[in-house]
Amino acid sequence: MARLTVLAPVEGAVMAMADVPDPVFAGAIVGPGLGIDPPRSPVDVVAPIDGTIVKLHPHAFVVQADESRAVLVHLGLDTVQLAGDGFTLHVTEGDVVTAGARVVSWDPAHVETGGRSPVCPVVAIQGVPDAVRGLVEPGSTVAAGDPLLEWD
């Protein structure tokens, strides 16, 4: 299987998954990855890989690259409680997207004002930890579309 480069879906400060303030993500229960703490202004979120949007909610989406690899992007923590408020979808479930294509627009400041964390986990779903490597050190800043992870 070819190496898959996962792009940062949103700009911000990179953080280790263990530092994401949610036990499910911090424990890498869904899979390995990195978190991104976005700026507190309206931002566009882009597809991290080429593939098909197999799950789409205003606060989270999954892009399936092939039969064994999919990436989850979760926009903030506990944001399912917002029921879509403050999120604008630009794709629909089943759409084929290219890495870097706009998927969602949202305002992390709106999420934070409501008492929720705007941190965005980017997860290699059910990825084997040894097969997923960060390309950016925690504490660094990325732009949306910058290489973030490699997945063998």
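Two residues are in contact when heavy atoms of theirs lie within 4.5 Å. In this predicted model, serine 105 offers a convenient first example: leaving out residues up to four places away in sequence, serine 105 touches Val43, Asp44, Gly86, Phe87, Thr88 and His90. Serine 105 belongs to strand β10, which covers residues 102-106. With a relative accessible area of 15%, serine 105 is buried, because buried means under 20%. One of the residues in its surroundings, histidine 90, is also joined to serine 105 through the side chains, in a polar contact of 2.7 Å.

Strand β10 also takes part in an aromatic pair. A pair of aromatic rings is described by the distance of the centres and the angle of the planes. The count for this structure comes to one aromatic pair. The ring centres of phenylalanine 87 and tryptophan 106 are 5.7 Å apart and the planes stand at 5 degrees, so the pair is stacked. Phenylalanine 87 lies in strand β8 (residues 87-89) and tryptophan 106 in strand β10, 19 residues apart, and the pair thus links distant parts of the chain. Both phenylalanine 87 and tryptophan 106 are buried.

Tryptophan 106 leads on to the nonpolar interior. The largest nonpolar core has 36 residues, and Trp106 is listed with Ile53, Phe61, Leu75, Val103 and Leu148 as having the most contacts inside it. For isoleucine 53, the contacts beyond four places in sequence include Phe61 and Val103, as well as Val62, Val63, Val91 and Val97. Isoleucine 53 also touches Thr92, Glu93, Gly94 and Asp95. A second, separate core has 11 residues, among them Met17, Leu72, Leu77 and Val119.

The sheets come next. Strands of a sheet pair through backbone hydrogen bonds, either parallel or antiparallel. One open sheet is formed by eight strands in the order β9-β5-β6-β7-β11-β3-β2-β13, with antiparallel pairing. At its edges stand β9 (96-97) and β13 (141-142); each has a single partner strand, so one side of each is left without a neighbour in the sheet.

Part of this sheet can be followed residue by residue. Strand β2 (residues 12-16) and strand β3 (residues 33-37) run antiparallel and are joined by four bridges. Alanine 13 has aspartate 37 in β3 as its bridge partner, while alanine 16 is partnered by leucine 34 in β3. Strand β2 also pairs with β13, in the antiparallel sense and over two bridges. Here glycine 12 has valine 142 in β13 as its bridge partner.

A further open sheet consists of three strands in the order β1-β14-β12, and its pairing is antiparallel. The edges are taken by β1 (4-7) and β12 (132-134), each with a single partner strand, so one side of each is left without a neighbour in the sheet. Neighbouring strands of this sheet are turned against each other by 25 degrees on average, direction ignored. Between β12 and strand β14 (residues 147-151) there are three bridges in the antiparallel sense. Valine 132 stands opposite tryptophan 151 in β14.

The loops complete the account. Glycine 145 is found in the loop between β13 and β14. Its relative accessible area is 29%, and glycine 145 is therefore partly exposed. Outside the residues up to four places away in sequence, glycine 145 touches Leu7, Ala8 and Val46. Aspartate 78 is 67 residues from glycine 145 in sequence, and the two are 25 Å apart in space, C-alpha to C-alpha.

Aspartate 78 lies in the loop between β7 (70-74) and β8. Its relative accessibility of 44% counts as partly exposed. Most residues other than glycine have a negative phi. Aspartate 78, however, has a positive phi of about 65 degrees although it is not a glycine. Alanine 28 likewise has a positive phi, near 55 degrees, in a residue other than glycine. Alanine 28 is located in the loop between α1 (23-26) and β3, and alanine 28 is partly exposed, with a relative accessible area of 36%.

Notes: Residues numbered from 1 in each chain as written. Predicted model: local features only at pLDDT ≥ 70, side-chain atom pairs only at ≥ 80, totals over all residues. Heavy atoms only, no water. Pairing = 2+ DSSP bridges. Axes fitted to C-alpha atoms, helices over the stretch in contact; angles between N-to-C directions. Buried < 20%, exposed > 50% of the residue type's maximum accessible area, 1.4 Å probe, protein only. Polar contact = N/O pair within 3.5 Å; in protein donor to acceptor, adjacent residues only side chain to side chain. Phe/Tyr/Trp six-rings, centres within 6.5 Å; stacked < 30°, edge-to-face > 60°. Core = buried A, V, L, I, M, F, W, Y, C linked by side-chain atoms within 4.5 Å.
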